[in-house]
Amino acid sequence: MKFITPWVAAVALTFAGSALAQAPIVIKFSHVVAVNTPKGKGADYFKKLAEERTGGKVKVEVYPNSSLFKDGEEMEALQLGSVQMLAPSVSKFGPLGAREFEIFDIPYIFDSYDDLHKVTDGPVGKALFKKLESKGITGLAYWANGFKDMSANKPLRKPEDMKGLKMRIQSSKVLGDEMKALGALPQVMAFSEVYQAMQTGVVDGSENPPSNFYTQKMHEVQKYLTLTDHGVIEYAVIVNKKFWDGLPADIRTTLEGAMKDATKYADDIAKKENDDALAAVKASGKTEIITLSPAEKAAWKKALLVVHKENESRVGKDTLDLVYKETGFKP
Ligand code: LMR
């Protein structure tokens, strides 16, 4: 017996050692939207590529729909390392102290997905990611969702129709100013709480791209959706810097490749996901969709111009001028 025990222990240790050595590197990827959205599908596609290309050395656990962390929690969780990857809307970086990201919230500054990509793939996008490093965060990519529309339980055709409405917004001062410029009352709220807030009347309406409006079932609690296209939902895919820098170099390179391809995929599907969602809202017959004439849309644009000036210093005048130049924005 006394000769067998050390052998058994040795064999057990060997197995334990190799099992430990082979344990996959786990990436928890938390987000707040539904699975059948540009971001939901992008996250799942990244998981597929990362696991395939690392031969299982990396395991990506995707937590959609605020199932792990909700707005207001996820950034801190990332900095603490309780989660390794997020893709929050760029409208949610103000509370982190990176208020320059709110450049994306300046109304009507983007006319197309191309405009968005020019800015995210250019010097502005890179400079914004640099601002995250001192916060222990590394920016990997930007993913598009789509253009936002206004919804409420009354028809919104003119900017003045927004007067006095309680409108849910993301945690962005620029979005707060946007609603105030329309005479509405901005209410910052976690995305996961919006449906119930609409149902109970805590808020009268909100602003969303069709993919979020439909997949969060807001068409069940909002009678009207006006296609204002007044702003965008854009995402920044971010990771915990210490975790990312600590990865074996070959694994990190493979993951960067997977992220690049997942980014192309997410951007390629974004417009169709929103078009299909708008068609589904129409087909539901639960929400009336209001299409604005060019003159009506110009009235919304004019009413929101003041937000540009008000936030010049917040987002940075140089950055604003550069984005005007890149997008060819005409007031
Ligand atoms: C919102 O809070 O409205 C959006 O940022 C949600 C999302 O991630 O698309």
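How do the residues of the shell around the ligand divide into nonpolar, polar and charged, and which of these classes holds five? In this predicted model, the shell comprises five nonpolar, four polar and four charged residues. Altogether 13 residues surround the ligand, and the closest of them are K39, K92, R168, Q170 and Y235.

Polar contacts between side chains and the ligand involve several of its surroundings, among them Q170, whose side chain places a polar atom 2.8 Å from a ligand oxygen. For N212, a polar side-chain atom is likewise found 2.8 Å from an oxygen atom of the ligand, while in the case of Y235 the distance between an N or O atom of the side chain and an oxygen atom of the ligand is 2.5 Å. The ligand, which exposes 270 Å² when taken alone, has 100% of that area buried by the protein.

The location of the ligand was then considered in terms of the enclosed space computed for the protein atoms alone. One cavity of 30 Å³ or more is counted, and the volume of the largest cavity is about 90 Å³. Its lining consists of 13 residues, of which K92, Q170, F191, N212 and I233 are the closest to the cavity centre. By class, this lining is made up of five nonpolar, four polar and four charged residues. With regard to secondary structure, at least two lining residues are supplied by each of the strands β8 (205–208) and β10 (232–240). It is in this largest cavity that the ligand sits, and Q170, which has a polar side-chain atom 2.8 Å from a ligand oxygen, is also one of the residues closest to the cavity centre.

Methods. Residues are numbered from 1 along each chain as its sequence is written. This is a predicted model: local features need pLDDT of at least 70, side-chain atom pairs count only at pLDDT 80 or more; totals for chains, interfaces and linings use all residues. Side-chain values use heavy atoms; hydrogens and water are left out. A residue is near a molecule or strand if one of its heavy atoms lies within 4 Å of it. A polar contact is a pair of N or O atoms within 3.5 Å; within protein, one must be able to donate a hydrogen and the other to accept it, and residues adjacent in sequence count only if both atoms are side-chain atoms. Accessible areas come from the Shrake-Rupley method with a 1.4 Å probe; for residues, only the protein chains shown count as cover. On a 1 Å grid over the protein atoms alone, a cavity is a set of points where a 1.4 Å probe fits but cannot get out, and a pocket is an open set with protein on both sides within 12 Å along at least five of seven lines; lining residues have an atom within 4 Å of a point. A molecule sits in a cavity or pocket if more than half of its atoms lie within 2 Å of its grid points. Ala, Val, Leu, Ile, Met, Phe, Trp, Tyr, Cys and Pro count as nonpolar, Asp, Glu, Lys and Arg as charged, and the others, Gly among them, as polar. Grid points are joined across faces, edges and corners, and a volume is the space filled by probe spheres set on the points. Helices (H or I, at least four residues) and strands (E, at least two) are DSSP runs, numbered from the N terminus.
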